[in-house]
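Reader: I've got a two-chain model on my screen and I'd like to learn how to read its surface and its interface. Can we go through it together?

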Amino acid sequence: MAQNPNRPVSPHLQIYRWGPHMAVSIFHRVTGFVLATAGMLTLLWWIAAIAGGPESYATFQSYVVSAGAEASGTQVAINWLFRLVGLAVLYSFFQHLFSGIRHLLMDLGAGYELKTNRTWSIAVFIAALTATALVAMLVASRFMGA
Amino acid sequence: MGNGTNLGRVRGLGSAKHGGKHWLDQRLTAVGNLLLTSWLVLSWLWLPNFDYETVTAWLAQPAVAVPMILMLINIFWHVRLGLQVLIEDYVHDEGNKFAALTILNFYVVGAAAFGIFMVAKHAFTGAPA
């Protein structure tokens, strides 16, 4: 049945103007997925490498941390890939952490006023990006010889 | 569906009445994750380095192995609840949804069992010489 174009249409995602509260909600889901997959699989690999002995720990390090001074081009590329994944997981961790705290506070019934909600949503992004930048700089200064 | 037949009532046409527990478990595991992942991050910052000798000695301690196992249980429980909601929201085909939920359950139980076993093995047997 053809739709009469003059009928009013219920507003949907593409009609609403995007706001920080919508962004923080979808980011919570995306970052949760990143942590559940890339984050946890890398953590499990690290734990298994510790339990597996010095050789398996060295293998983990050669992929994830650094393949050393005589690394081939492929190995260096893999290292940088893992650094990118690491950065994504790090940001996902803080975004999901602060967004999760926001959700717990809202579960208590607080923060539903329009302005407060908007402020908290923006604060989540700022806090997550700041924490990510601080930890990334700390890790880089400690482990990348900068 | 009203007061349909007994078969009609159990065919997934209404609430399973487990939503409240799901919601509450999600929050409880969230608070657990807050504590346990904070512990992990602070412990990592506390480590002098990430050499093999350092991390093997670190993970073998009961005060590290136990919270690590608790964290794995708590995280994968939270993952199961959270990704279940994602699948239910975005996978609309019943067959694909069933497959995705099955894979999710296999993943979280398998991954948690693997991680717990590895921590326990390391803590009980120590570092291989």
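Reader: Where in chain A does A:Trp18 lie?

Author: A:Trp18 sits in the segment before H1 of chain A; helices are DSSP runs (H or I, at least four residues), numbered from the N terminus. Bear in mind that this is a predicted model, where local features need pLDDT of at least 70, side-chain atom pairs count only at pLDDT 80 or more, and totals for chains, interfaces and linings use all residues. Residues are numbered from 1 along each chain as its sequence is written, chains are lettered from A in the order in which they are written, and side-chain values use heavy atoms, leaving out hydrogens and water.

Reader: Is A:Trp18 buried or exposed?

Author: Exposed means over 50% relative accessible area (1.4 Å probe, protein chains only). A:Trp18 has 55% relative accessibility, so it counts as exposed.

Reader: How big is the interface, in buried area?

Author: People often give interface size as the accessible area lost when the parts come together. Here that's about 2,700 Å² between chain B and chain A, with 76% from carbon and sulfur atoms (accessible area at a 1.4 Å probe, summed over both parts). On chain B's side, B:Phe50, B:Tyr52 and B:Tyr107 supply 19% of the area it buries against chain A, more than any other three residues.

Reader: How many salt bridges are there between chain B and chain A?

Author: Look for a side-chain nitrogen of Lys or Arg within 4 Å of a carboxyl oxygen of Asp or Glu. The count between chain B and chain A is two. A:Arg29 and B:Asp89 form a salt bridge through their side chains, at 2.8 Å, N to O. H4(B) gives the most to the side of chain B that touches chain A, with twelve residues.

Terms used:
Helix = DSSP H or I, 4+ residues; strand = E, 2+ residues; numbered from the N terminus. Buried < 20%, exposed > 50% of the residue type's maximum accessible area, 1.4 Å probe, protein only. Buried area = accessible area lost by both parts, 1.4 Å probe.
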